[in-house]
Amino acid sequence: MTELPREPMTIRSMPELLATAKAMETEAIAGYETLADHMRRSRKPDLVAVFERLAAEERGHLASVEDWSGQMGMASVAAGAEPEDVFDDEGMNLTDPALLSAYRAFSVAVRNEERAFLFWTYVSAHAPTQEIAEAAERMAREELGHVSVLRRERRLAFHLQKHAQTETILLRELETRLDAHLRTLVQNDHPPSREPTTLRQNGWAQRVAAFGGRILKFENSVGVADIPPTALAELLLDFYLGEAERSRDEQTRNLAQLYAGQLVATLALLRQ
């Protein structure tokens, strides 16, 4: 499950930030390559292709970190300490391959990228200098882009294995339903804890004001009234990520990215 980092990692310099980024990408590459080997031994060529593709994506991310290092005059940055609780194969290496699917593989990859986004958001919030805060914010935006790409791949994998009824709904209705779930969580939280309070402050009113009149199309097999809160947050996250990709207006794009980030955090807390 996507969870918030237990404690934000303190990063005190740009070399340390880049080294941490390199460690995270290196760990992801190794993890996906291990899973590809596992699927190869299990004679699951379709999943070998999925994990090889994920490893290739991570190598591309690593190359971007190396390029950034070069631009800053740090030609070679050694991998630093890897933060805890970011990359997790969720037991796929131990699961019977017959129970795995491309959809599950992409779902795990999505949650890994969501954790990476939350990690860099926390680093930015706790950065000791403006330079590090801005660099961590840049990393968070890049991870949000990776989330968007992998969520799209996950949807394609879903369509290949299941068909559901297509529905349309106003975005404000989904936002209002999600907010009602969050209100209930806060009311039922005894003794009060940080998570539901944070959930309640998820920016839904601002999102409704900016995008509430938009219409969403989505596939649903249970009926709108029965969509669970995590699925509501997933639908809304997909919408805002799509808006960020499609929009040619910088202000709209920045707002959509901000709201997508809020929903990544909401999802993480809901899953906890």
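## A crossing of two helices

A crossing of helices is called left-handed if the near helix is turned anticlockwise from the far one by less than a right angle, and right-handed if clockwise. Keep that in mind, since α7 passes α9 in a left-handed crossing. The structure here is a predicted model, in which local features need pLDDT of at least 70, side-chain atom pairs count only at pLDDT 80 or more, and totals for chains, interfaces and linings use all residues. Residues are numbered from 1 along each chain as its sequence is written, and side-chain values use heavy atoms, with hydrogens and water left out.

Helix α7 covers residues 204-211, and its axis lies 11 Å from that of α9, at an angle of about 145°. Here the axes are lines fitted to C-alpha atoms, for helices over the stretch in contact, and angles run from 0 to 180 degrees between N-to-C directions. On the α7 side, the residues that meet α9 are Q206, R207, A210 and F211. Their partners in α9 are T252, L255, A256, Y259, Q262 and L263, where contact means heavy atoms within 4.5 Å. Sorted by class, this contact of α7 with α9 has six nonpolar, three polar and one charged residues. In this sorting, Ala, Val, Leu, Ile, Met, Phe, Trp, Tyr, Cys and Pro count as nonpolar, Asp, Glu, Lys and Arg as charged, and the others, Gly among them, as polar.

## The overall plan

Let us step back to the whole protein. Its secondary structure comes to nine helices and two strands, where helices (H or I, at least four residues) and strands (E, at least two) are DSSP runs, numbered from the N terminus. Following the sequence, you will find the pattern α-α-α-α-β-α-α-α-β-α-α.

The protein has 272 residues, and 46% of them are buried. Buried means under 20% relative accessible area, exposed over 50%, and partly exposed in between (1.4 Å probe, protein chains only). Among contacts in the protein with a separation of 6 or more, 80% come from residues 24 or more positions apart.

## Helices α8 and α9

Helix α8 runs over residues 229-246, which makes 18 residues, and it spans 26 Å from its first C-alpha to its last, close to the expected 26 Å. The expected span of a helix is 1.5 Å times one less than its number of residues. Helix α9, at residues 250-271, has 22 residues and reaches 31 Å, close to the 32 Å expected. Buried residues of α9 include A256, Y259 and L263, and these three also take part in the meeting with α7.

Buried residues of α8 include L232, L235, F239 and Y240. Another residue of α8 is E234, which counts as buried because its relative accessible area is 15%. Leaving out residues up to four places away in sequence, E234 touches R151, R154, L267 and R271. Of these partners, L267 and R271 are buried residues in α9.

## Residues of helices α1 and α2

D37 sits in helix α1 and is partly exposed, with a relative accessible area of 35%. Its side chain makes a polar contact of 2.6 Å with the side chain of R40. A polar contact is a pair of N or O atoms within 3.5 Å; within protein, one must be able to donate a hydrogen and the other to accept it, and residues adjacent in sequence count only if both atoms are side-chain atoms. In the loop between α1 (14-41) and α2 you meet R43, which is exposed at a relative accessible area of 75%. R43 has a phi near 60°, a positive value in a residue other than glycine. Most residues other than glycine have a negative phi.

Helix α2 (residues 45-71) holds H61, a buried residue at 11% relative accessibility. The side chains of H61 and H146 make a polar contact of 3.3 Å. Beyond its neighbours within four places in sequence, H61 is in contact with E25, E113 and H146. E57 is also in α2, and it counts as partly exposed at 34% relative accessibility.

## A buried asparagine in α3

N112 belongs to helix α3 (residues 102-125) and, at 5% relative accessibility, counts as buried. Its side chain and that of R115 are joined by a polar contact of 2.5 Å. Not counting residues up to four places away in sequence, N112 touches Y32, V86, F87 and D88.
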